[in-house]
Amino acid sequence: MLEATIKVPLMKNLLKGLQSVSEDCILDFNTDGLTVHVVDSVRAKMLRLRVTPAGFESYECDEQHRLAVQLSKVKDITKSLTASDQLKLQFNEGQFSLVANDMERVVRLKRIELVFDLPNMPPFDYEFNTTIESSKEVKDYLKTLDKIPVFQVQVDSENMMWRTLDRDEQITWTPNLELDCDEEFENLQLFTTNQVLDLLSATTKEPLHLRGGNTSCPMEFSWTPTTGVEFTGLVAPRL
């Protein structure tokens, strides 16, 4: 049996993040909470969501339940709900449903073998890590690029610089941060603007932790929007 209650604004934000990567996913509930992995169709970005029992208003789950769903079906019931509402998620006798304000929405489950199943985030040899004070800084820079499709990130032992490719009208950003990497480390990578913006769609103004490595290593972004909730995302560089 599963029965969990979550605040509606948080649920909407979780859905926003997941849907920015994929429309279908597997909700993996167990005694430790909820875990979701989503990967886009071209394998350019992936996102992991973890919600511990502390992230829910209430949480009861006596065994593992892996539910393959279409996220738009889950989102439907939240459209008319307000910030003061709560949403109950329940799974009993093979039926998954959402309850709020005396409304109940039964969500038809997809065949789990038809949904891409990523059990864990793949490991990489990260060579630097850092923290940007606010995720809004990253989003503000990327939105400034407007229709510029790609940008570079250059990292060495002293700083990180984000910049566009057109030297005549270059847009650069050098965030004020501390880098943890070897003194000899240097790297330059090219990323797709919209892929990074999509991955960070569920961020607001929380600190953003970044890790990266060599030319082929993806950039990892992780953030904690509230107690008990953690997002970790990967964006592949353009090679």
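The following legends describe an overall view and several close-up views of a predicted model.

Local features are reported only at pLDDT of at least 70 and side-chain atom pairs only at pLDDT 80 or more, whereas totals for chains, interfaces and linings use all residues. Residues are numbered from 1 along each chain as its sequence is written, and side-chain values use heavy atoms, with hydrogens and water left out.

**Figure 1. Overall view of the protein, with four helices and 18 strands.** Helices (H or I, at least four residues) and strands (E, at least two) are DSSP runs, numbered from the N terminus. The radius of gyration is 19 Å, close to the 18 Å that the globule rule gives for 239 residues, so the protein is as compact as a globular protein of that length. This radius is taken over C-alpha atoms, and the globule rule is 2.2 Å times the number of residues to the power 0.38. The C-alpha trace spans about 60 × 35 × 30 Å along its principal axes. Of the 239 residues, 49% count as buried; buried means under 20% relative accessible area, exposed over 50%, and partly exposed in between (1.4 Å probe, protein chains only). Among contacts (heavy atoms within 4.5 Å) with a separation of 6 or more, 67% are between residues 24 or more positions apart.

**Figure 2. Close-up of the aromatic pair Phe56 and Tyr59.** Rings of Phe, Tyr and Trp (its six-membered ring) pair if their centres lie within 6.5 Å; planes under 30 degrees apart count as stacked, over 60 as edge-to-face and the rest as tilted. The protein has 10 aromatic pairs by this rule. The ring centres of Phe56 and Tyr59 are 4.9 Å apart and their planes lie at 35 degrees, so this pair is tilted. Phe56 counts as buried at 7% relative accessibility, and Tyr59 counts as buried at 15%.

**Figure 3. Close-up of the aromatic pair Tyr141 and Phe151.** The two ring centres are 6.5 Å apart with planes at 80 degrees, so the pair is edge-to-face. Because Tyr141 lies in helix α3 (residues 135–144) and Phe151 in strand β11 (residues 150–156), the pair ties together parts that are 10 residues apart in sequence. Both Tyr141 and Phe151 are buried. Together with Trp162, Trp173 and Phe191, Tyr141 and Phe151 form one aromatic cluster.

**Figure 4. Close-up of Leu89 in strand β7.** Leu89 counts as buried, at 4% relative accessibility. Leu89 and Leu2 are separated by 87 residues in sequence, yet their C-alpha atoms are 7.6 Å apart in space. Leaving aside neighbours within four places in sequence, the contacts of Leu89 include Leu2, Ile6, Met11, Phe29 and Phe96.

**Figure 5. Close-up of Thr78 in the loop between α2 (71–76) and β7 (86–92).** Thr78 counts as buried, at 2% relative accessibility. With neighbours within four places in sequence left aside, Thr78 is in contact with Lys12, Leu15 and Leu87.

**Figure 6. Close-ups of Arg43 and Glu93, non-glycine residues with positive phi.** Arg43 has a phi of about 60 degrees and is found in the loop between β3 (33–39) and β4 (45–51). The relative accessible area of Arg43 is 45%, and the residue is partly exposed. Phi of Glu93 is near 55 degrees, and Glu93 is found in the loop between β7 and β8 (95–100). Glu93 is exposed, with a relative accessible area of 78%.
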